[in-house]
Structures are given as C-alpha cells and as structure tokens.
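Biologist: I'd like to go through this protein with you and keep asking how you know things. Can you put the structure up?

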Amino acid sequence: MAAMTTSSLLSNSTKPIQNHRLVSPFRAYVQRTSVSASLSTPKYNLSSFKFDPIKESIVSREMTRRYMTDMITYADTDVVIVGAGSAGLSCAYELSKDPSINIAIIEQSVSPGGGAWLGGQLFSAMVVRKPAHVFLDEIGVPYDEQDNYVVIKHAALFTSTIMSRLLARPNVKLFNATAVEDLIVKENRVAGVVTNWALVSMNHNTQSCMDPNVMESKVVVSSCGHDGPFGATGVKRLKDIGMIDSVPGMKALDMNTAEDAIVRLTREVVPGMIVTGMEVAEIDGAPRMGPTFGAMMISGQKAAHLALRALGRPNALDGTIGSEIPEADLVLASSEGGEIVEG
C-alpha cells in the first residue's frame, strides 16, 4: 500500500496563528531560501549574456513528445478531475499525496485557477473562514488572522502556491486549454470523459465534423463551478442522459448557509462521479457564498477522500487513514493536530 500522510481534514490544532508569521518548517525554509537568493549574484554575466544555441526542431520535438507521452499515459488513469478552480486544485493536491494514484486535471481555460485569481469584484484579497485556514497552513500560504476568518493579501498567492506544489508531483498532469464535451458511461456508471481542445469545442458550429478524444478513469471528479459557458457541465450532462432528475441551480447568496452546505453535500452523485465545489450548489439548489473560499478548499479535500474510498484506499471519511508511514517528501504537507472539519 502506498504511503500517505495524514490530511488536514483530520487536523485538530487550536494553536493561534500570528499575523504574517511563517510558523511551519516548510515556510521558514522558503523564507530563508528567498532571502538568500535575493542577496546572491546571478551565475552569469548580465552585461554580456548569450543563450546556448538550439535547433528550432528540437524545441518542437521536446514539446510534442512529452505532451503526446502524457496523453498516452493518461488515456486510462485513476482519477480525472474536471475543472482546475480552487475546489479542483484542492482535490488534486489531497489525492496527489498518494504517489501511486495517477491524476489528470482537465481545464478548459489556458490559465487554471478558475475564480481564485481574485477575491471578488476584481478585488485582490481572498477571505477564508476558519477552520479552513488549516489547509492554508498545510500548503504554506501566509495570511492576516482575524477572529473567525483569515485574509490572504492576494488570491493569486493561494492559487499559484497550490499549483506550484501540486504540479511538481510526478503523478499529476494538467491538461489545460482542453474541454470535457461528454462523459463515458458504461453499465450506468461514469467511466471517464470525452475531451477536445477548448478552441475546437467553441467552434463546432463553424467547421465540419471535429471528433473528440477520450480518457478512461476509475473515478471522475466534476468541479466545473456554477452555471456559465463551461459551468456545471458535469451535472447538466447527467441530467441530459437521465442519470439524475434535475439541476435546479444555485440559490441567492447566503454565506453562512452556503459554505456548510457545499462541504456537506459534496458526494458521489452517481456511480463513478463525484461533484465538488460550486457545482454542488447547482445540483442541490444550495445558496451561493460569493467571495469566501474556505468551502471550495474543504469540499475539494472531501472529494479527494471520497475518491480514495471509491478506489478502495484508506481515507478520512471511513477513519482508515493515518496509520501509514509518510514518505519524506510528503511530511511537509501534513499539519499539526486540530479542529475537525466536518464533512
């Protein structure tokens, strides 16, 4: 059984976090490294700089070979996550702690992150209600602490941090600029996704037939967000093919009701397909929460443990996780003990 570290979903810390303080060894290491790097001189001469020569064909071959190898590798994978917003990224991060699970993330936009690049109404600060700050401690994002919430000075700090840590892991591949056009369904179970380049999906009506590609998986996690051009596509397709009865759409804003509901209702809605994030509000008619992001992170974590359970792996929901010996490179991802985030 692959080694895994204990998730912050099980954390029981009550230790207060000081404003702007980097309290974890990982954060202290990053701080020391950044200061050292800023004081050092470049390893090359900036007044007389020249790149090593390269053939243009080598650049083309390197990109093509590696991407096509990824497409071959992930044509049949363990988990496909549709949508790389805050919930999808959090789900992928949690799952990636088990290096034996291969995870493909499909994102229709060129830039992953969804709405998590800004806090709300084009403002930069991101508000995260406690106890979801435990997840920020785990990935190493600094914040200002308030009584019952924390504030990240720029939402992009969360998004860039989780992406940099997630995409460095060898069992994760992000396919951005790629759209999920349909689901693979076998014997009334979702068994993968139907994909195409996002630009192709947007231009089907302007060209002749442009058939898609496919990606089989043991579990699909749909994290497509609330309704929009590419929003809630997973649950809307389930309704189209008669696997669920309705998609009532999210209700008006109520932060206190919404965030609890999003985490509570994150679940496997049909065999083989888990719904997380704001797509949950679309299928259940839950309120929107607006510019507060804790539910996105914890819903993603819960979806990851639902996927672990579906794969027959130790998971927090069944209380079967925590006895494994963590690998050295994953120890930094575990948090100190604390409040249990109800799922």
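Modeller: Let's begin with a term: a residue is called buried when its relative accessible area is under 20%, exposed when that value is over 50%, and partly exposed in between. Keep in mind that this is a predicted model.

Biologist: Then why is Ala87 called buried?

Modeller: Its relative accessibility is 2%, and the cut-off is under 20%, so Ala87 counts as buried. You'll find Ala87 in helix H3, residues 86-95.

Biologist: What is Ala87 in contact with, leaving aside its neighbours within four places in sequence?

Modeller: Ser223, Thr276, Gly277, Met296 and Gly300. Contact here means heavy atoms within 4.5 Å.

Biologist: And how much of the whole chain is buried?

Modeller: Of the 343 residues, 47% count as buried. The chain has 10 helices and 11 strands.

Biologist: Where does UniProt list "binding site"?

Modeller: The unreviewed UniProt entry gives several positions, among them Ala87, Gln108, Asp211 and His226. From that set, the lining of the largest pocket takes in residues including Ala87, Gln108 and His226.

Biologist: What makes Gln108 partly exposed?

Modeller: Gln108 has 29% relative accessibility. That falls between the 20% and 50% limits, so partly exposed is the right label for Gln108. Gln108 sits in the loop between strand E2 (103-107) and E3.

Biologist: How do you know that Cys209 is exposed?

Modeller: The relative accessible area of Cys209 is 64%, and exposed means over 50%, so Cys209 makes the cut. Cys209 is in the loop between helix H6 (198-201) and strand E9 (213-222). The unreviewed UniProt entry also places "modified residue: 2,3-didehydroalanine (Cys)" at Cys209.

Biologist: Now for charges. Why is the pair Arg129 and Glu259 called a salt bridge?

Modeller: Side chains of opposite charge can pair when their charged atoms come close. The rule asks for a side-chain nitrogen of Lys or Arg within 4 Å of a carboxyl oxygen of Asp or Glu. For Arg129 and Glu259, the closest N and O atoms are 3.0 Å apart, so by that rule the pair is a salt bridge. Arg129 is in strand E3 and Glu259 in helix H8, 130 residues apart, so to speak of distant parts of the chain is fair.

Biologist: Are those two partners buried or exposed, or something in between?

Modeller: Arg129 has a relative accessible area of 25%, so Arg129 is partly exposed. Glu259 has 4%, so Glu259 is buried. Other buried residues of helix H8 (255-265) include Ala258 and Ile262. Among the elements covering the buried residues of H8 are strand E3 (126-129) and helix H10 (294-310).

Biologist: What makes Glu216 and Lys186 a salt bridge?

Modeller: Their closest N and O atoms are 2.8 Å apart, and the limit is within 4 Å, so the pair passes. Glu216 lies in strand E9 and Lys186 in strand E7, so the pair ties together parts 30 residues apart in sequence. Glu216, at 32%, is partly exposed, and Lys186, at 44%, is partly exposed too.

Biologist: How many salt bridges does the rule give?

Modeller: The count comes to 14. One of the pairs is Asp227 with Lys236, with closest N and O atoms 2.8 Å apart. Salt bridges that share partners also join Glu62, Arg65 and Arg66 into one network.

Technical notes. Residues are numbered from 1 along each chain as its sequence is written. This is a predicted model: local features need pLDDT of at least 70, side-chain atom pairs count only at pLDDT 80 or more; totals for chains, interfaces and linings use all residues. Side-chain values use heavy atoms; hydrogens and water are left out. Helices (H or I, at least four residues) and strands (E, at least two) are DSSP runs, numbered from the N terminus. Buried means under 20% relative accessible area, exposed over 50%, partly exposed in between (1.4 Å probe, protein chains only). UniProt positions are given in the numbering used here, feature names are shortened, and annotations may be inferred rather than shown by experiment. On a 1 Å grid over the protein atoms alone, a cavity is a set of points where a 1.4 Å probe fits but cannot get out, and a pocket is an open set with protein on both sides within 12 Å along at least five of seven lines; lining residues have an atom within 4 Å of a point.
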